[in-house]
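Please open the structure in your viewer and keep the sequence panel beside it. The tour below goes from one selection to the next and says what can be found at each stop.

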Amino acid sequence: MAPHRIDLSDPPEPYLSFWRERHLCTLTTLRPDGTPHVVPVGVTYDPEAGVARVLARKTSRKVAHILAATGVDGPGARVAVCQFAGRRWATLEGHAAIRTEPAAIAEAEERYEERYERRPSPNPDRVLIEITLTRALGKA
């Protein structure tokens with residue numbers, strides 16, 4: 001099966017299933033000079049809400065890049081998250097915003113625990129990178 005664009009309003013079950021499996025992912029943000037910054041992260045995908053979530057430390061470079069770009073490109077910084085296993089891969093693209101509300105972070109921690117089978121360690125500097133999805137690609 002050739003790589004293809006995924007319908008965000010109706011993603012196929014193999015694609016959703018792949019996003020429920022435990023995989024390390026990457027997050028790509030753009031530095032102020034436009035070069036990509038790629039780091040390993042845990043990602044949860046919520047197809048019903050059309051968002052992906054990444055927990056982060058508020059002082060991280062990825063958060064700084066998103067904050068620097070917020071407002072520059074419309075509703076948030078342009079980012080992508082990706083995972084792969086063998087010949088299967090999945091990418092989610094969208095606009096990222098930094099969320100600091102305790103309820104949003106708690107929900108993201110619960111989703112992380114469900115996918116990665118472990119609760120994130122307590123961290124008072126934790127924020128949520130919430131990505132409003134605009135495109136999905138993959139071969140699952």
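## First stop: Leu128

Select Leu128 and show what surrounds it: leaving out residues up to four places away in sequence, Leu128 touches Arg53, Val54, Leu55, Ala97, Ile98, Arg99, Ala104, Ile105 and Ala108. Bear in mind throughout that this is a predicted model. Leu128 belongs to strand S8, which spans residues 126–139. Is Leu128 buried or exposed? Its relative accessibility is 0%, and because buried means under 20%, Leu128 counts as buried. If you now add Leu27 to the selection, you have a pair that is 101 residues apart along the chain, with C-alpha atoms separated by 13 Å.

## The whole chain

Zoom out and colour by secondary structure, which should bring up three helices and eight strands in the protein chain. Followed along the sequence, these elements come in the order β-α-β-β-β-β-α-β-β-α-β. The C-alpha atoms fill a box of roughly 40 × 35 × 25 Å along the principal axes, and the radius of gyration of the protein chain, 14 Å, agrees with the value near 14 Å that a compact globule of 140 residues would have. Of the 140 residues, 42% count as buried. Among contacts between residues at least 6 apart in sequence, 70% join residues at least 24 apart.

In a surface view, the accessible surface comes to about 7600 Å², and 53% of that belongs to carbon and sulfur atoms. Should you colour by charge, the chain has 20 positive and 18 negative charges, whose mean positions are 7 Å apart.

## Strand S2 and its two partners

Next select residues 25–30, which make up strand S2, and show the side chains. In a regular strand, side chains alternate between the two faces of the sheet. In S2, Cys25, Leu27 and Thr29 form the covered face, while Thr26, Thr28 and Leu30 form the uncovered one.

Then add residues 36–41, strand S3, which pairs with S2 in the antiparallel sense over six bridges. To see one matched position, pick Thr28, which stands opposite Val38 in S3. Between the strands of this hairpin there are five residues, and Gly34 takes a positive phi near 90°.

S2 is also joined by three bridges to strand S6, residues 77–85, and these two strands run antiparallel. Two bridge partners can be picked out here: Thr26 is matched with Cys82 in S6, and Leu27 with Val81 in S6.

## A closer look at Thr29

Stay in strand S2 and centre the view on Thr29. Thr29 is buried, with a relative accessible area of 1%. Apart from neighbours within four places in sequence, the residues in contact with Thr29 are Thr35, Pro36, His37, Lys62, His65, Ile66 and Val79. Of these, Lys62 repays a distance label, as the C-alpha atoms of Thr29 and Lys62 are 6.3 Å apart in space although the two residues are 33 apart in sequence.

## From S6 into S7

Move along to S6 and add strand S7, residues 88–99, which pairs with S6 in the antiparallel sense over nine bridges. Ala77 in this pairing has Ala96 in S7 as its bridge partner. The two strands form a hairpin with two residues between them, and Gly86 in the turn has a positive phi of about 60°.

## Two loop residues

Which loop holds Pro75? Pro75 lies between helix H2, residues 61–69, and S6. At 63% relative accessibility, Pro75 counts as exposed. A distance drawn from Pro75 to Arg61, which is 14 residues away in sequence, should read 20 Å from C-alpha to C-alpha.

For the last selection, go to Glu117 in the loop between helix H3, residues 102–116, and strand S8. Most residues other than glycine have a negative phi. The phi of Glu117, however, is positive, near 60°. Glu117 is also exposed, with a relative accessible area of 67%. The loop that holds Glu117 leads to S8, the strand where Leu128 is placed, and so the tour ends at the strand where it began, with Leu128 counting as buried at 0% relative accessibility.

Key:
Residues are numbered from 1 along each chain as its sequence is written. This is a predicted model: local features need pLDDT of at least 70, side-chain atom pairs count only at pLDDT 80 or more; totals for chains, interfaces and linings use all residues. Side-chain values use heavy atoms; hydrogens and water are left out. Buried means under 20% relative accessible area, exposed over 50%, partly exposed in between (1.4 Å probe, protein chains only). Helices (H or I, at least four residues) and strands (E, at least two) are DSSP runs, numbered from the N terminus. Two strands pair if DSSP finds at least two bridges between them. The radius of gyration is taken over C-alpha atoms; the globule rule is 2.2 Å times the number of residues to the power 0.38. Contact means heavy atoms within 4.5 Å. Accessible areas come from the Shrake-Rupley method with a 1.4 Å probe; for residues, only the protein chains shown count as cover. Lys and Arg count as positive and Asp and Glu as negative; His and the chain ends are not counted. The place of a charge is taken as NZ of Lys, CZ of Arg, CG of Asp or CD of Glu.
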